[in-house]
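Dear colleague,

I am passing on the structure below, together with some notes on what turned up in it. Please keep it open beside this message while you read.

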Amino acid sequence: MYQRENWASRVGFILAAAGSAIGLGNIWRFPYMVGENGGAAFLFIYLIAIILIGYPTIVNEMIIGRKTHLNPVGAFKSIAPGAPWWLVGAMGVFSGFLILSYYSVVGGWSLAYIYKTVIGVLNVGASEFDTLFANHITNPIEPIIWHGIFMALTTSIVAAGIVKGIQRSVQVLMPLLFIILVLLMARAVTLQGAGEGLAFLLKPDFSEITSSTFLDAISQAFFTLSLGMGCMITYGSYIRDKDEIPGSAASVIGLDTLVAVMAGFAIFPAVFALGFTPNAGPGLTFITLPAVFSKIPLGIFFGFLFFALLTVAALTSAFSLLEVVVAWLIDEYKWSRTKATITLGILIFLAGIPSSLGYSTLSSFSFLGMDVLDTYDWLTNSILLPFGGLLTAIFTGYIWGTKNAIKEGNKNNPKILLGSWWSFLIRYVIPAVIFIIMLAGIWDTFK
Ligand code: PHE
């Protein structure tokens, strides 16, 4: 008989969930969102979104998972049998599949850049990094191979199981990530001229704020905390019955925010110190930063560290994305873990190919001006995740009942006690805010 696993310790769970949360979202996406949305002003709105929406939502998902010890589809089915709420879980499983397909393409770019840094390809003049990146992603074959390597790594860890695969890897990778980040930050803030970058992160420019800033902040909060798609339900389903949840959730949020802010401090001071612009968009990581590294002493070493950081962060998130879909096949269809991971690893690899080809063979594809990868990113982060979060809040708020959820959440003397404040956020604030912001954002995109 298949025995469903649990995390072997509370710290193991926190590291795995933090590993899920901390990813490309913190190191690739967060800095360029800050750059495009007026620096500290965005940071401010983002922090409010994390506290008022992110925290109650992550707690909610972990509670649903632990209560049922099931994957997202099974979890909704078991709390609301015979009702169509399991579709929210199914939407999550679908999102996990879709996100991982393009996430792994970007993870592959990062792996490729580790390699390129080490073999010295990045030793070119600062103005040539545009071309270098363009050449890399417009090659129809090479990025797909790196995407395949990234998926193979992810698949092999998830196949080894919750404790021996995921928990064991994050216990090594997360401390490593932290050490690298501290080194990079120390280097950046001690560069001459770093002050301007620090000011950019600390002094808000509210004139840059538009209605889409709010959608960006909320969609970033969902993405960075791995919310709205059943990831924290799945990871929560492996929490032991004797562990508490609200405090663990707070640690996960704290670590995630810390890493995002540290990444900002590792990136902007260096960008400003060397005279680059902060609002370079998604290319910030792969164009501006290598150029920055090419100009500082020991740049190759720091460049290597940076892409190692990005890869580690991406991998530990990819584990959780794959685990959502794997858990669904194991719980609902009694597949073996090995069969589920290998089959899905291959399918997700194939599904990711169009995202990569969007820059070469499929470059004529355009949806509202977006390429394939950006379209997947938009569909998942601006639509599916906030919508999933909205429905999950309504589910707990009005179907399962916040009283029942609180009973599960307050087990084992948590440091933070859930109460009417949590009910209020789940029942009223979160649904209202997400609804308004999604409408405004969709309006903004299509107008
Ligand atoms: N949280 C991850 C990041 O910031 C991305 C992610 C989203 C992972 C959803 C799992 C689920 O990169």
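H147 counts as buried, because its relative accessibility is 0%, where buried means under 20% relative accessible area, exposed means over 50% and partly exposed lies in between, computed with a 1.4 Å probe on protein chains only. This residue is placed in helix α7, which covers residues 142–159; helices here are DSSP runs of H or I with at least four residues, and strands are runs of E with at least two, numbered from the N terminus. Leaving aside neighbours within four places in sequence, H147 is in contact with S101, S104, V105, G108, I348, F349, G352 and I353, contact being heavy atoms within 4.5 Å. One of these partners, V105, is 42 residues from H147 in sequence, and the two C-alpha atoms are 4.8 Å apart in space.

Before going on, please note that this is a predicted model, in which local features need pLDDT of at least 70 and side-chain atom pairs count only at pLDDT 80 or more, while totals for chains, interfaces and linings use all residues. Residues are numbered from 1 along each chain as its sequence is written, and side-chain values use heavy atoms, with hydrogens and water left out.

Next comes the ligand, and you may ask where the ligand sits. The ligand sits in the largest cavity, a cavity being a set of points, on a 1 Å grid over the protein atoms alone, where a 1.4 Å probe fits but cannot get out; a molecule sits in one if more than half of its atoms lie within 2 Å of its grid points. The elements that give two or more residues to the shell around the ligand are α1 (10–21), α2 (24–36), α10 (211–224) and α14. Of the 15 residues around the ligand, A21, L24, G25, Y103 and F223 come nearest, and a residue is counted as near if one of its heavy atoms lies within 4 Å.

Some polar backbone atoms also lie beside the ligand. A backbone N or O atom of S20 is 3.1 Å from a nitrogen atom of the ligand, and this is a polar contact, meaning a pair of N or O atoms within 3.5 Å. An oxygen atom of the ligand lies 2.9 Å from a polar backbone atom of A21, and an oxygen atom of the ligand is also 3.0 Å from a polar backbone atom of L24. Taken alone, the ligand exposes 320 Å², and the protein buries 100% of that, with the areas coming from the Shrake-Rupley method with a 1.4 Å probe.

Helix α13, made of residues 288–295, is mostly covered, since six of its eight residues are buried. These buried residues are T288, L289, P290, A291, V292 and F293, and what covers them includes α5 (86–119), α6 (129–138), α8 (162–189), α12 (246–273) and α14 (299–333).

Two loop residues deserve a look at their backbone angles. S226, in the loop between α10 and α11 (231–236), has a positive phi of about 55° although it is not a glycine. L298, in the loop between α13 and α14, likewise has a positive phi, near 60°, in a residue other than glycine. Which of the two words, buried or exposed, fits S226, and which fits L298? S226 is buried, because its relative accessible area is 9%, whereas L298 is exposed, because its relative accessible area is 62%.

Finally, here are some individual residues in helices. D377 is placed in helix α16, residues 372–409, and counts as buried because its relative accessibility is 12%. Not counting residues up to four places away in sequence, D377 touches R29, Y102 and S382; its C-alpha is 8.8 Å from that of L98, although the two residues are 279 apart in sequence. I14 belongs to helix α1 and is buried, because its relative accessible area is 10%. Apart from neighbours within four places in sequence, I14 is in contact with S248, S251, V252 and L255. F301, in helix α14, is partly exposed, because its relative accessible area is 42%.

With best wishes

Note on methods. A polar contact is a pair of N or O atoms within 3.5 Å; within protein, one must be able to donate a hydrogen and the other to accept it, and residues adjacent in sequence count only if both atoms are side-chain atoms. On a 1 Å grid over the protein atoms alone, a cavity is a set of points where a 1.4 Å probe fits but cannot get out, and a pocket is an open set with protein on both sides within 12 Å along at least five of seven lines; lining residues have an atom within 4 Å of a point.
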